[in-house]
Structure formats: structure tokens, C-alpha cells
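This briefing introduces selected features of one structure to a reader who is new to the subject. Please keep the sequence and the model in view while reading.

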Number of protein chains: 2
Amino acid sequence: MSEIRARFHYDHPRPGVATDMVLFKARQGEVHVLMIERGENPHKGKLALPGGFLRPDEDLDTCVLRELAEETGVTHVTPYHFANFSTPGRDERWVVSAAYFALLPHDAEPVVQPGSDAATAGWYSLEEARARKLAFDHARILEAAVTAVGARLDDPVIAKAVLGMMPPAFTLSDVQRIHEQFRGEALDRGNFRRKLKIMQLMDLIERTGETQRTDETGKGPRHRPAEYYRLRKKPASLPRPQRARP
Amino acid sequence: MSEIRARFHYDHPRPGVATDMVLFKARQGEVHVLMIERGENPHKGKLALPGGFLRPDEDLDTCVLRELAEETGVTHVTPYHFANFSTPGRDERWVVSAAYFALLPHDAEPVVQPGSDAATAGWYSLEEARARKLAFDHARILEAAVTAVGARLDDPVIAKAVLGMMPPAFTLSDVQRIHEQFRGEALDRGNFRRKLKIMQLMDLIERTGETQRTDETGKGPRHRPAEYYRLRKKPASLPRPQRARP
DNA sequence: CGAATAGTGTCTCTTAGACAGTATTGC
DNA sequence: GCAATACTGTCTAAGAGACACTATTCG
């Protein structure tokens, strides 16, 4: 807080207000998180979640999307707020953070371009991210985000977004693996597939006809190869409650 | 923002960070909300939710309890964060608010003493509160709080807290009425009572032996009188997984 | 064949929603 | 008796958990 350049004055002390984004991506059946390497102090050089300070003309949802775009180039994601982090000392500059998660659709731009505040931006598997020393309390935020997604996998909106994360060709076991990493426990195969049907998620995808054996070298795993699926272009059979005017 | 008295200086503009508490109470089968009449501008004289600004040495949970105690004298409640409110212009001073709800146990002090910032503090029925013009966006916060509680009535912790709100003698229909006001819809009597059993909430209460007819003047309603219940002192039959050492 | 994973089906238990039937009061 | 609310029970359907059986590949 350099007194010389300070241009904003208040009667009472004010914390910084920031947002942090935990952006998840599915890569080869593994959940990955978008992290940046901090380009400035504090915690310069450490891995951190993308995010930044609130501006006067925006709300928190807008802020988290703007910062994500600025720091990593990622757009077109839906942010879900899941918790605030305000423990004194979590950031030596006194910053309160609203934490969000989002699930990156596979077709979204993976541009991931380092921006102003970020030296580098890149994807890290959950395992990697957990092994690294993260800036601030971002390790706690990450864990809370994983739990938050896991708790909302029964929400059709979130479950649908998980399907949207999948690559052009994926197996149902791949989807199950993603769910398991968010839930933190193994799921029964039969029950999981039944759930996909009940939630009408099977209507959103279709078989490609390919299997794990028929791709590339014609070589498969040493077990029954799984069917590949893809997202349907459009749920063509949208119910039309009204007919065109005469 | 009087430039003269300003003692805190920052390089970037910072919003005020506040908390707001929606404290619910059950009174005669009706949900009531604790509100204060604002003693200062902006919105002086209007009804508002208790709450206030975050201090440097506390987190948001602490802040909301401190402000509640200062403004209304209420202590010993558990705060549940349910949403942030940050729309630009919601407060002309640029304030971001973390909103909480809590359910007042009946045995808690209803002292409700006006404090520094509040001219008066008092309880208002949901109907009253909804009819009044509230300060800032507190009408929206109130509605969001009601919905948030309604969505969490299946959570044993919240359902238990609702029982804790009830007066010394209450009927099961009273409890149902409280649930209905949070849920915003009528509930089936049979199904509701079954739920109380399934959630083991019936273990927490017991019949007083009195009915609506046997109280006071011996006069009752013109229909079958309901049984009165009260909270059990202690769930005396706590499962003892281990026996005392010899 | 055995190991490993994919895919499907089944049994049971819990819970939710709808609703019927009885009970007890005042008027 | 009638109106109104309290209390209890039943029928059915949906969903979850556990688990078994078959299928298909590689080595």
C-alpha cells in the first residue's frame, strides 16, 4: 500500500474483494484444473487459481469471468459460486474471495494464453495440483470445489455439463471416472449407467459405432473394448407445444 | 466519502464488504423475521436486515454474528451462508454483501435491543416484511433466504433447528405450518408426519399430555384438538458404543 | 484358459406422493 | 348432523444400493 500513489480514500478500512475460479476439464478420463503461475508478489512463482479483484461496475459473476478471460483466454463457461473465503491472514493483503467452479466444455477454446497478471497458464491433473504447493489458501479452495461439484452431480444441469466436458469420443466408463474423481469414491457400474438413463442423459449422447479396438492401430486393451459415444448435435426432437400461425 | 476524515488509502478502489443476517423465528405458527429500522442514511428510517461491515481481524461468519449481537442483542445462533449480493448499484456506497440465514432457538434471549446503528429492532411476520418497502435489495435477500431454508429442510441439521424454534408447547401442525411457509407450498399431513419419523425427529420431542382443549379456559377450537409436544430435555438414550472401564 | 474391464439385469429396501378412512371437537 | 382439523394407515411408483451374470478382448 504505497501511500504515495494511493488514490482512493475511505473512512474505514476495506478488504480487497476478489474472485477465484476453479475451472475443471476432462482429459483422458482425468480431471484437470486450470492454474496460473503467479507473475507478481505475493507468492510470485507459485501456482494459483485464476481470479482477481472486483471492479466498481461489475458484480462478482462478471468479475470471475472477466479475470478468467484476461488471465487465461478462456470464455464461454458458466460460473457456479460455492463458497466465500475470508479467514484473516489467508492473504497478507487482506482479501476476501468469492470462489467459483466451472466445467469447461470440450469444444471451448483451450487457448490458455498467459495474460497480464499470470506468467503462465496451464492444466494440471488433480493429482499434480494436490502435490504442488499452491499460493494463498488455494489448496483449500480447490478441495472445496471438488467437493462442491461432487455434491451437485445429481443436479441435471451439472451432470449435463459433465457430459459437455467429454472429448469427441468417450466411453461411459470415462464419464464414470470423472464422476468418481469429483465424488471421491468408487461408483457401481450398473447403478451409474442406470442413473444416466433415469436422468435422461443417454438421450444427449449416441454411439459412434467405434470401439476402443477399432481406433488407430486396431489394437485394444486386454479386455472387452468399450463402446465410444459422442454428444448428439442437437436434441432434434424438441417438443413443439405450439404450431405455426396460419 | 469525506476526503477530510479519510484515513485509509488504497491504490485501487475497494467496495465495502458487509454481511446481512436473515434471522427467522417461529411465533404462533407464523414465521417472523428480525428487522431493524435504519438509524442513519442511506435509507434512514426504512426497515432493513441486521448486518454490517467486515473488520480486519474477523472472517465473514464472525462478522455477521458480531453485527447481529451489536444491533439486536441476539446471540447463540448458527449462521448459514446462502448467497452473495453484488449487483452494481444495490447500495449507492458500493457494498458487496454476504447473506446468511439463521433459525432462532426458542429458548434464546429475545432481548432484541437496539444498538448503535439501529434505531429500533423488532420481529415482523413474513407477510408484514413482504408488504413493507425494505432498504437496499433486502427484499430480494429475504426471499432468497426463505427459499434457501426451504431447500434445506431435508437436511437433518436444519430440520432439527426448526424444531428448536418452536415454543415450549407446540403441535405437529404448527411445525408443518412453519415448513410450509419456508417451502412456499402446502404439505400433505400424513407424509409430513411420516417424514418426521423417518428423520428421527420424533425422538427429539415428546407429548406433554395436554391438548388444545385442556389449556387455559378449557375452551378449544371447533374441531379435534391437537396434541401438544415439547422438546425432550436430552436425548437420554444416546447410544453408548463403549462401556465404562473396569 | 485367466485376467481385466464392459455391459446388462435383478433383488430388495427406502422414500415420496396421493389419498382414504377414522377421531374429536364446537356449533 | 355438519364443518373443520387431527391423526393413522395404505397403495403405488420411483429410486438407490448391492450384487450376479454374461460378453469380449489380450496374453
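**Two partly exposed residues, a cavity and a helix pair**

A:Asp203 has a relative accessible area of 47%, so it counts as partly exposed. The model is a predicted one. The points below begin with A:Asp203 and B:Glu210, then turn to the largest cavity and to the packing of α5(B) with α6(B).

**A:Asp203**

- In chain A, a loop joins α6 (189-198) to β9 (205-211), and A:Asp203 lies in that loop.
- A:Asp203 and A:Arg232 are 29 residues apart along the chain, and their C-alpha atoms are separated by 8.1 Å.

**B:Glu210**

- B:Glu210 belongs to strand β9 of chain B, which covers residues 205-211.
- The relative accessible area of B:Glu210 is 39%; because this value falls between the limits of 20% and 50%, the residue is classed as partly exposed.
- Apart from its neighbours within four places in sequence, B:Glu210 is in contact with B:Ala226, B:Glu227 and B:Tyr228.
- Between the C-alpha atoms of B:Glu210 and B:Tyr229 the separation is 8.3 Å, and these residues are 19 residues apart along the chain.

**The largest cavity**

- Rolling a probe the size of a water molecule over the atoms reveals where empty space remains.
- How many cavities of 30 Å³ or more does a search of the whole structure find? The search finds one.
- The largest cavity holds about 90 Å³ of space.
- Its lining is made up of 14 residues, of which A:Val17, A:Leu60, A:Val96, B:Asn84 and B:Val96 are the closest to the centre of the cavity.
- Both chains contribute strands to this lining: β2 (16-27) and β7 (95-103) of chain A, and β2 (16-27) and β7 (95-103) of chain B, each supply at least two residues.
- By class, the lining of the largest cavity has ten nonpolar residues, four polar residues and no charged ones.

**Helices α5 and α6 of chain B**

- Two packed helices are described by the angle between their axes and by the distance between those axes.
- In chain B, helix α5 (residues 172-183) packs with helix α6 (residues 189-198) at an angle of about 100°, and their axes are 11 Å apart.
- Because that angle lies in the range from 65 to 115 degrees, α5(B) is roughly perpendicular to α6(B).
- From α5(B), the residues B:Leu172, B:Ser173, B:Val175, B:Gln176 and B:His179 meet B:Arg189, B:Phe192, B:Arg193 and B:Leu196 of α6(B).
- The contact of α5(B) with α6(B) comprises four nonpolar, three polar and two charged residues.

Note on methods
Residues numbered from 1 in each chain as written. Chains lettered and ligands numbered in written order. Predicted model: local features only at pLDDT ≥ 70, side-chain atom pairs only at ≥ 80, totals over all residues. Heavy atoms only, no water. Axes fitted to C-alpha atoms, helices over the stretch in contact; angles between N-to-C directions. Helix = DSSP H or I, 4+ residues; strand = E, 2+ residues; numbered from the N terminus. Parallel < 35°, antiparallel > 145°, perpendicular 65-115°, else oblique. Contact = heavy atoms within 4.5 Å. Nonpolar A, V, L, I, M, F, W, Y, C, P; charged D, E, K, R; others polar. 1 Å grid on protein atoms, 1.4 Å probe; cavity = no way out; pocket = protein on both sides within 12 Å on 5 of 7 lines; lining within 4 Å. Points joined across faces, edges and corners; volume = space filled by probe spheres on them. Buried < 20%, exposed > 50% of the residue type's maximum accessible area, 1.4 Å probe, protein only.
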